[in-house]
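User: Please take one part of this model and go through its packing closely. I am new to it, so explain the terms along the way.

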Amino acid sequence: MRRRAKVALFGVPPLLILGACVGFAPLVRHEARVAAEKRGLELEIGSVRPGWGRIWLRDVRISSPVAPGIQARISSVEVLPSGLRPKAVRVHGGLIEFRGSATEIADQLRLLRGAKSAGASGDGGFEVSVDGLDVSWFAGEGARVDAWGASYQRGADTETLHVDRLQSDRGFPLIAQGVELELARDDGGRVLRRLASSSLEARINLDGGGATRVAGQVEGTSRGEGWRKRLAVLGASVSRAVPVGAKLDLAGLSVALVRGGQPLRLGPGTLHVERTESEISAELTPGDAKQANPLSARVLLPLEASRDVKLSLHGGPVSLAWLGVREGEWGLSDVSHSRLSADADLLLKEQGRLLDFKGKVAVSELAIEHRWLAPRRVEGLSAGFDGRGEIALDGHFVRFVEADVSFGQVHATVSGELKRGDDGFQLNAHGSVPLASCQTLLDSSPKGLTPLLTGMRASGTFAADASIDLDSQHAERMKLRWNVANECRITATPADIAPLRFKQPFTLNVVGANGETSPFQTGPGSVNWTPRASISRHMETAVLICEDGRFFRHRGFDEEAIHNSIRENIKQRRFVRGASTISMQLAKNLYLKREKTLSRKLQEAVLTMLLEQEFSKQQLIELYLNVIEFAPGVYGIGPAARYYFNTHPSQLSLGQALYMGSILSNPKQQHFGPSGEVGPGWAGYLRKLMKLGNRIHLVSDAELEDGLREQVTFKVPYSPRLPAEGDDPDAAHEAELANPGGDAGAAEDTPVFP
């Protein structure tokens, strides 16, 4: 009996402990759910574990029926109890997700706060801390905000938040490291006390158009309206967090201007922010504030969306390196020596649709490498802008008023406006270059932009004045006027571009049919050279008709051809007509490569003047015919005549010459059919050229009659003639045999080069 009592006595504590352990988890779950329900929350707890002086809740999921856009998954919650209430709650790791617009999330948070019962009022008086928490906000329209490594401490009267990394593509995309935010609680609200970050990089996308949407842009708004809406969102966010009279100083701020996926970084610098009742002012000073005359940007952002946003840039000169620009960004290099100064004011008007600017910006000793500028780095570039104007941020309107643009020592004045619409554009502009010495023009070219002109000397003066009035829907009414007073004369040239070298055998590097560069020797006396006297005069007729009808009347540049080219290209809304003269093409073939750069165009213009100055028109056309490309890898009239028709240049017929002239603009494309004859479509085009030559008295009536019957055939020296209407085919055949050379005899002129 006594033994049974002992067993029973000693068996009770284990049973009580077991019962307590079994009931512990359900009790904790129940109390946690009740506390959550008082705050309008629903709680799911994966597991409950006791610890020394604490309780561990793991895999906790939090949601709310009144806030469906807010979900939380917490890795573990550490509760330090004090009696039946928590003394401290510590959250370790997890993810909080917000889904919805800022307005939707704000509304749900208000509903959540309103769902608190009376028993859940206040903060409970216990300590709250968070560490290792990630936050994601999916704001709609593809925009999102992510924070990693967030930690939070709540004390008696302050709250502190730290985020290891923050990334946002909502509004202005930004990336921040080491963000620290301190808030003070005042009458139930929160007041910003301190905001800091170890680094903060904002990204501004300058690319626009097409189907690409600027981050944060609202559907149905223009690009300019999108900018103003993003500024309004920014202003609203700052105004909610920053009390009136508050001042913030952020160090380590960087701005990345992104164009074509390539950033141009400015900073780190210091951002100073002040808040008043009506506006937010922010001043950004990149680099070291101790710099003499630092360049700073100041923004006045009204809290009322209907008011204009003001931006000003003042200061300098400072180096691009001081601004924070890195080597290689946007093709910029040697950034420590480049200098920038600005004194400009900008106004974002009409709800962000229009940017008004006034002031001046100057850059000097700029080094840049860009594919449209030159094939190599350009150094020592100095340029400036001084004027005012307006730009529509959706790209439909630009206006310049009294603008002075300078490059080196050369100045130009520009005024006018450009309007763009869905159906085309309207352009009304005027520009002029005041009288300047030709040597000044050459000296203003930075190193690397016009390398072939280095060492060239010039005399005389140059001035220009031009205007254009154009409606792309009525291109035929275009009014283009210019007056160029070009009295320049080249007085000295580097040896490698001296025209004298082309009066004797010389070698050009040309592109072969396989796309590789190879040497091609030509020039008077060489095997590939054909004197003008030994070239059928039909060949000269062909290039005049097809390439440059006013060759013998202009001085290298055909103003009428330029006018017609602009009109036709605009009318067709694509490039269908060029304005290169024979002299310009010759300069390109003798001196320049095929890249499409500003460098090539500038050098081509000066070298065209040089060729026109040093050679007669007869010498120019002879040189042109001996160096131009007639087929892939086939250069010069001698090799071309053999390649196409197995003949000598002196024996080319009218049809053969016109065929060779007609493909000069695109020598890679041929128009021979399977049997070797020129196809019907191109043959009809050649007949039109023959009739045109007859109208301008370059082709006689007899030559026209014979040419219209000619059937140009690949590799056939003498083109077969089709019988004329009513002719005897046999008689026509006998006539061909009697006159195999046709009417295309050699020119009577003597060679123009000795």
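Analyst: Two axes count as roughly parallel under 35 degrees, roughly antiparallel over 145, roughly perpendicular from 65 to 115, and oblique otherwise. The model is predicted, with local features needing pLDDT of at least 70 and side-chain atom pairs 80 or more, while totals for chains, interfaces and linings use all residues. Numbering starts from 1 along each chain as its sequence is written, and side-chain values use heavy atoms, without hydrogens and water.

The part chosen is helix H8, residues 582-591 (helices are DSSP runs of H or I, at least four residues, and strands of E, at least two, numbered from the N terminus). Because 8 of its 10 residues are buried, H8 is largely enclosed by the rest of the structure (buried is under 20% relative accessible area, exposed over 50%, partly exposed in between, with a 1.4 Å probe and protein chains only). The buried ones are Ile582, Ser583, Met584, Gln585, Leu586, Ala587, Leu590 and Tyr591. They pack against strand E27 (506-511), H6, helix H9 (598-614) and helix H10 (617-627) (contact is heavy atoms within 4.5 Å).

With H10, the angle is about 50° and the axes are 10 Å apart (lines fitted to C-alpha atoms, for helices over the stretch in contact, with angles from 0 to 180 degrees between N-to-C directions). H8 and H10 are therefore oblique to each other. On the H8 side, Ile582, Ser583, Gln585, Leu586, Asn589 and Leu590 take part, meeting Leu620, Ile621, Leu623, Tyr624 and Val627 of H10. By class, these residues are 8 nonpolar, 3 polar and no charged (Ala, Val, Leu, Ile, Met, Phe, Trp, Tyr, Cys and Pro are nonpolar, Asp, Glu, Lys and Arg charged, the others, including Gly, polar).

Two residues of H8, Leu590 and Tyr591, recur in the largest nonpolar core, where they are among the residues with the most contacts (such a core is buried Ala, Val, Leu, Ile, Met, Phe, Trp, Tyr and Cys joined through side-chain atoms within 4.5 Å). That core has 66 residues, and Met539, Leu623, Phe630 and Met660 are also among its most connected members. H10 gives it the largest share, 6 residues. Leaving aside residues up to four places away in sequence, Tyr591 touches Leu452, Ile497, Pro499, Phe502, Leu607, Leu610 and Leu611. Another core, of 60 residues, lies apart from this one and includes Val91, Leu183, Val255 and Leu449.
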